[in-house]
Amino acid sequence: MSDVKEYLRDYILQEFLPGESRENLTDDLPLRTSGILNSIKLLQLIGHLEEKYGIAFDAHEAGNVANFDTIEGMASLVSSKKG
Amino acid sequence: MDFSLTPEQQEWQTAAIEFAKTSLADDMIARDHKGEFSRDLWQKCADFGVQGLPVPEKYGGNGADVSTAIAVMEGLGYGCKDAGLLFSINAHLWTNSVPILLYGTEEQKQKYLPGLCNGALIGANGASEPESGSDVFAMKTKAVKKGDRYILNGTKMFVTNAQVSDLIVAYATLDEKMGVLGICGFIIEKGFPGVSISKKIDKMGLRTSPMAEIVFENCEVPAANLLGREGRGAEVFNCSMEWERSCILASCLGTMRRQIDKCVEYARMRKQFGKPIGKFQSVANRIVDMKVRLETARPLVYKIGWLKDHGKSAVAEAAMAKLYLSESFVKSSLDAIQVYGGYGYMTECELERDLRDAVGSQLYSGTSEIQRNIIASMMGL
């Protein structure tokens, strides 16, 4: 799961938080409920994860705020889907 | 990047101007006054190929690239004074036909696209609601899955083409708590049980483009009419908005060009104090400003065509073009009236209608404020 977390951290920093310190993007930092990931960015991130890992999130998995609010939550879901 | 029109695009645009001048020129002042949509002109546009522009030939369209579609819409905006008709066609194209083309199943495309191209079907888009406009994903219209269908309940506001539409691409949420990822897109036939058109909405401009509310009351939509994946309707909606912002103002480029030609002609002909008014710097400078706005707005729109034709995203570019062009259009419409003086204020001069039509461009497909939000977001702010 740690490799997924680091990949997510890299991707979010590069795409959505350029210039932000890596240390500040902690595993439990709220991204969705804080507004850091708006609707366009959230959809981009989810689409990217599905493509990269060859998985598909159903509506209720993706719509569950806890699954896509933090790096921890996202990595956990991705890891469980990867099998 | 080369934004000059290819010979084929130039040919399309010239033909569009000629078609608009000869076939779409009817009693605009009276129809604007009455707020009357013309199904006859709609069909003429379909016969010319406008509604099929971005749709591949296998689905009954022309398979034109985006730059060509923009060139044609610019030509229509120059030749056709019925901005409401063009607005209706734009709404039909970019928020109905294109989402079906990009997100529809093969069956959906084969079923609906030919009719949307040939004029038989008119498309509408239901997204805004009484309590969710700019914050569109806070929508309250609910979709509940029951067996092989979804049951929709809710009201959609400001639906362009509502009264004349046959097919509505509408959005609803599975659960408000799911936020943006609970939104679903649907293709809804007007005849589905539970669809009704509520009151007609009168507008300041674009009056020949019909608008009303659509109410879904236990509306039964077959699951086969889900557009895109369940819970990914926001993606469909964002995509349709990007397309709309990219292309909807191309016709306004043509109108701005027509205004300039009209003002130059008038400024040369109209004499005051013994000379043409165009010889007064205060008049000439206004027309120069109109020209500068047009020439700076035009590459923004054609750049989007280039980006999309090369398979690239144009989210920020579409927002920038929409923002700049709409605000330029309002300023230039005001300038055109000022060049004409008191005559410009008269309905007969047909410039006051351009101004009323132009004001809407700063509001539809996302207000100027929302365009700035999008641009800021894409800048990492």
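These are my notebook entries on helices, a strand and a chain contact in this structure.

**Entry 1: the model.** I am working from a predicted model.

**Entry 2: H9 and H10 of chain B.** I began with helix H9 (residues 281–309) of chain B and helix H10 (residues 315–340) of chain B. I found that their axes come within 9 Å and cross at roughly 155°. Angles over 145 degrees count as roughly antiparallel, so H9(B) is roughly antiparallel to H10(B). I noted the hand as well: H9(B) passes H10(B) in a left-handed crossing. Then I sorted the residues of this contact by class, and got 15 nonpolar, three polar and seven charged.

**Entry 3: H4 against H9.** Next I looked up helix H4 (residues 66–79) of chain B. Its axis and that of H9(B) come within 7 Å, crossing at roughly 150°. That angle makes H4(B) roughly antiparallel to H9(B). Which residues meet here? From H4(B) I listed Val66(B), Ser67(B) and Ile70(B). Across from them, H9(B) brings Val301(B), Tyr302(B), Gly305(B), Trp306(B), Lys308(B) and Asp309(B). By class, I put five residues of this contact down as nonpolar, two as polar and two as charged.

**Entry 4: H11.** Is helix H11 (residues 352–361) of chain B mostly covered or mostly open? I found it mostly covered, with seven of its ten residues buried. I wrote down the buried ones: Arg353(B), Asp354(B), Leu355(B), Asp357(B), Ala358(B), Gly360(B) and Ser361(B). I then checked what they pack against. Their partners in chain B are helix H2 (28–34), helix H5 (83–103), helix H8 (250–269) and H10. H10(B) also appears in my second entry, where H9(B) crosses it.

**Entry 5: strand S1.** I turned to strand S1 (residues 123–126) of chain B. Gly123(B) and Asn125(B) point one way, while Ala124(B) and Gly126(B) point the other way. All of these are buried. What does S1(B) pair with? I traced four bridges from S1(B) to strand S4 (residues 167–173) of chain B, and the two run parallel. Opposite Gly126(B) I found Ala170(B) in S4(B).

**Entry 6: where the chains touch.** Last, I looked at the contact between chain B and chain A. How many residues does each chain give? I counted 16 residues from chain B and ten residues from chain A. Which helix gives the most to the chain B side? Helix H7 (residues 233–247) of chain B does, with three residues. On that side of chain B, I sorted seven residues as nonpolar, six as polar and three as charged.

How values were computed
Residues are numbered from 1 along each chain as its sequence is written. Chains are lettered from A and ligands numbered from 1 in the order in which they are written. This is a predicted model: local features need pLDDT of at least 70, side-chain atom pairs count only at pLDDT 80 or more; totals for chains, interfaces and linings use all residues. Axes are lines fitted to C-alpha atoms, for helices over the stretch in contact, and angles run from 0 to 180 degrees between N-to-C directions. Angles under 35 degrees count as roughly parallel, over 145 as roughly antiparallel, 65 to 115 as roughly perpendicular and the rest as oblique. A crossing is left-handed if the near helix is turned anticlockwise from the far one by less than a right angle, and right-handed if clockwise. Ala, Val, Leu, Ile, Met, Phe, Trp, Tyr, Cys and Pro count as nonpolar, Asp, Glu, Lys and Arg as charged, and the others, Gly among them, as polar. A residue is buried if 20 or more other C-beta atoms lie within 10 Å of its own, exposed if 12 or fewer, and partly exposed in between; C-beta atoms are placed from the backbone. Two strands pair if DSSP finds at least two bridges between them. Two residues are in contact if their C-beta atoms, placed from the backbone, lie within 7 Å.
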